[in-house]
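Trainee: Please show me how to read cysteines, chain symmetry and cavities in a model.

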Protein chains: 2
Amino acid sequence: MSQLLRINMSGSNGPEVKEEPVGDYAGLGGRAMTSTIVAKEVPPLCHPLGAENKVVFASGLLTGTPANMTGRISVGFKSPLTGGIKEANAGGPAGQVLARLGYAALILEGQPQDDTIYKIVIKKDGVQILADNSLKGLGNYDLIDKALGEYGEEASFISIGQAGEMKMAAASIACTDEEKRPTRHAGRGGGGAVMGSKGVKLIVLDRAGTSSVVAKDMSAFGDANKAFSEGLKAHAVTGQALPAYGSSVLTNIINEAGAYPTHNFRFGQFEGAEKISGETIAELEEKRGGESEHGCHRDCIIRCSGIYHDKNNQYLTKQPEYETVWAHGGNCGIDDIDAIALMDRMEDDFGVDTIEIGCAIAVAMEAGVAKFGDAEAAIKMVKEIGAGTPLGRILGAGTAAVGKAFGIERVPVVKGQSMPAYDPRAAQGIGVTYATSTMGADHTAGYSITANVLDVGGKVDPLGAAGQVELSRNLQITTAGAIDSTGLCLFVAFAALDMPEVYQAAIDMVNTCHGLSLTADDVAALGKSVLKTEREFNIAAGFTAKHDRLPEYFKNEALPPHDVTFKVTDADLDSFYNW
Amino acid sequence: MSQLLRINMSGSNGPEVKEEPVGDYAGLGGRAMTSTIVAKEVPPLCHPLGAENKVVFASGLLTGTPANMTGRISVGFKSPLTGGIKEANAGGPAGQVLARLGYAALILEGQPQDDTIYKIVIKKDGVQILADNSLKGLGNYDLIDKALGEYGEEASFISIGQAGEMKMAAASIACTDEEKRPTRHAGRGGGGAVMGSKGVKLIVLDRAGTSSVVAKDMSAFGDANKAFSEGLKAHAVTGQALPAYGSSVLTNIINEAGAYPTHNFRFGQFEGAEKISGETIAELEEKRGGESEHGCHRDCIIRCSGIYHDKNNQYLTKQPEYETVWAHGGNCGIDDIDAIALMDRMEDDFGVDTIEIGCAIAVAMEAGVAKFGDAEAAIKMVKEIGAGTPLGRILGAGTAAVGKAFGIERVPVVKGQSMPAYDPRAAQGIGVTYATSTMGADHTAGYSITANVLDVGGKVDPLGAAGQVELSRNLQITTAGAIDSTGLCLFVAFAALDMPEVYQAAIDMVNTCHGLSLTADDVAALGKSVLKTEREFNIAAGFTAKHDRLPEYFKNEALPPHDVTFKVTDADLDSFYNW
């Protein structure tokens, strides 16, 4: 039976560990688990970096089973970036190991009395919390190297870099991949800062002696997994495009659609797109001895990741994701993929959200700190983040903070979080997601690009207002219920939206695993319930419908090449939560 | 008949000037005028630095008449610091001249197409708007020196320094005093940044050929003014304490009461208080050939200001105000009054709010940027603001921005604006004002220190919750109606609260000036209406009751020496607007 592992960092004799029954939280996984715990246990008006905030780690309902594509781990907290509730999830094996260790959730709470740095070691036979100031100031790469020497290949690691220690609002939480590199990040919303505020630098999850989570009906579970996997293989996006080119397969597609935010959301197309496209990256990876196809954990069959080598054919970073490439690429006017990959590496090392930082750099460029296209200046800015210089502090505090510091109006954020790689004027469905999501601007919360651009799961004209709220609402509900709470990778959605049998197979996996008989309606009800819980937290934290808005300039400034403004009305946005 | 002067900086052929009847805004003055115009004309969700925001200047209902103590000018805008509506007011003769020129309000709107710097010259016979890039980058002192050469002694000036040009959220709007020094600032909320975003560096108000505003019944008006003035002379605070020691007469009093925020609101008493007290300042001023008693405009009879000379007996700055001395003094642990006066001078020159910046420095000290008490480091930080370095940008963006950049929990702000010089735990009535004011943390909105500490206008135990909401509510209503909208200096309140005949005389002045027959109830109704208008704007901008709160740590962290936490409940705070 799964337990909650609760670690209170406030104890007067040092941190205290408690195992307790799952209780009221039984049956929840991933985001449903983290958001429910945060909503119930964290005072909405507390300071995100104070003792009352918590960091909750939870594997999905399917994570830890042998099922494919179920490796995600959710991290929940009150966000220092948005001031609202936050769930960010990451790949890599950490989620699987947490589940194999028998924990439905790990809750970090309280705050140490001084600035001692701690590591938490979780093994099958017990939990240790160790003060270890030798870890202070280490980047994620050095930290994991050091930890590997101590804890070996059976361990997975969750950690923060310098940014988390410095409590930067854009600090991420890193999870190691199968090669024990800190490349899979719960990036958005500043979880790294909250973890840093608890004095926790490293969590070691040792899989030694553990075994897979066993489904209630293993045979039926196996059948469902098989049907699910076959569907993914059969779909053009999950079976071909993503394995071949990774998420950056989107670069040319989104650029072609005129929805590729360029020069801080000034234009919808980037002339350097080809040079930083998935096709170019895959070619380079092959040429330099990296890998153009790679899974972030063992049971991945989409294998959208890769291994990126530098000009000297040495490992530099994992294959940079589409969003990362865009944030530092078109959005900053940079078409040098090696420079972008270097920034990806540095940001993984310092532990910051690549989307937030790319957008922050672009706003700094808008402010005249550097010229658009100046890769060297951008790299220097990233270095300043790691060094914690004043400019690094501004950037590390996120895009909105850069706008505030430099007095800039054109700051593409919602609820304080920067927009990702789709201009909401040229893909208005994603604009609805940015505006209404409890998370702040976030593409993963309801990826309307499917029907707006990719012709997946139907077709909704991207340039008009019609149908966008319904599109985003359905996707947000399904994502919260079926994806983020089960531990499934979001990328399965391409197949699940187009192929009813794939979606059914996912539900069948949950049912046969847990002995349930959920219908699609039940899953939707769970998704609605998660969104409602999160929204109520945000309302109690001071958010209103007025925060469900894009910045005004998206309504006034037409985006080339379609010369289109954001047309979804405020009233339409306000209808989002009428269900 | 008074007119509105509307200047649109957006015109495609340059700025456009329009005079128009007061219309719907007739009968309003000061804050009632600015808040009504902002609420009616500025979209609540617009970006504070965008073309849709406006800066509204309005003299009070009595400003420009020969009546004493009526020199205030109100400045209204949507605040880049708080995101809400803002009124900040300043002394000096500018308000009087604007009224003498026949303008009930000056409205700056729109935004120039490029970064040209403009000056606006308003004379009896017309308005000129002149591009003048030679003003770019000048501090207020150099700017006014230059302008004086051009426009002479009959002119008063309203201007911004480098901070406003850089659109810093703590940038102030400077008004010259009688000696043509830019020492009287509409400090709070970032009006300087909004003015800067409109490309306006300097407003010249030429009194040549103008005359006093004439009361409808000059004889009765004169009688009321006489009664009013005699009352002020007779009261111990307005007749003796303020003239002798300026507002810093409060230093020893508030310190004695244990309500003097020290080391970023960590303690309630500062051991160096005596060294920076009003008594010490007055002594130094006399010794060095400055002035310990001085009025910021001709018709002031309280004369709380002074002239502060440096160690070489040269003019350094006007007598630093209590709030300024505290912000850089006890709050930063600095007891060197010359260092504080130098920072006051620099901040007037750069054009930033001294309260916001002192608090910002203290939070930076909490973050370890410098040690508490290190005056040299504090001076260096202020210099960085003027230079616009990254650290200067962080500080210039205000206290909350410093907290965000450095990941600090103990950040004493409400609605993004820093608290002034009274700890809300040791003077809980001012805590209610901080929490509930539409302005963010602001002592002038409802100066509960009167009954909490000074035994003026009654007595309410400062350490308990009882009676604080009622105290603050009454003061906030009266301040909005009778003080901020008439152009009266807030300091008349000491006498008006204790002596009914003084309050009646103030109402009589308004009535005899404008041919009205307002009662005290009518004035209260005006005050309520102003607060309601402002609150509705804020609600439309996304504020809720959740923003009417002090930071959580004021409820948990006991303040020495009284070891008291903030005790007014959320429910009590929420009852504030029930009237």
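**Cysteines, symmetry and a cavity**

Mentor: A disulfide is a pair of cysteine sulfur atoms within 2.5 Å, and by this rule the count over all chains is zero disulfides. Cys332(B), for one, is in no disulfide, since the nearest cysteine sulfur, that of Cys359(B), is 7.9 Å away. This is a predicted model: local features need pLDDT of at least 70, side-chain atom pairs count only at pLDDT 80 or more, and totals for chains, interfaces and linings use all residues. Side-chain values use heavy atoms, without hydrogens and water.

Trainee: Is Cys332(B) buried or exposed?

Mentor: Buried means under 20% relative accessible area, exposed over 50%, and partly exposed in between (1.4 Å probe, protein chains only). Cys332(B) is buried, at 1% relative accessibility.

Trainee: Why does Cys513(B) form no bond with Cys489(B)?

Mentor: The cysteine sulfur closest to that of Cys513(B) belongs to Cys489(B) and is 18 Å away, too far for a bond. Cys513(B) is also buried, with a relative accessible area of 3%.

Trainee: What rotation superposes chain A on chain B?

Mentor: Copies are superposed by least squares on the C-alpha atoms of residues with pLDDT of at least 70 in both. Here a rotation of 180° with 0.0 Å of shift along its axis does so, at RMSD 0.0 Å. That is the relation of a two-fold axis. In chain A, the C-alpha of Pro390(A) is nearest the axis, 2.7 Å from it. With contact meaning heavy atoms within 4.5 Å, 100% of the contact residues of chain A recur in chain B.

Note on methods:
Residues are numbered from 1 along each chain as its sequence is written. Chains are lettered from A and ligands numbered from 1 in the order in which they are written.
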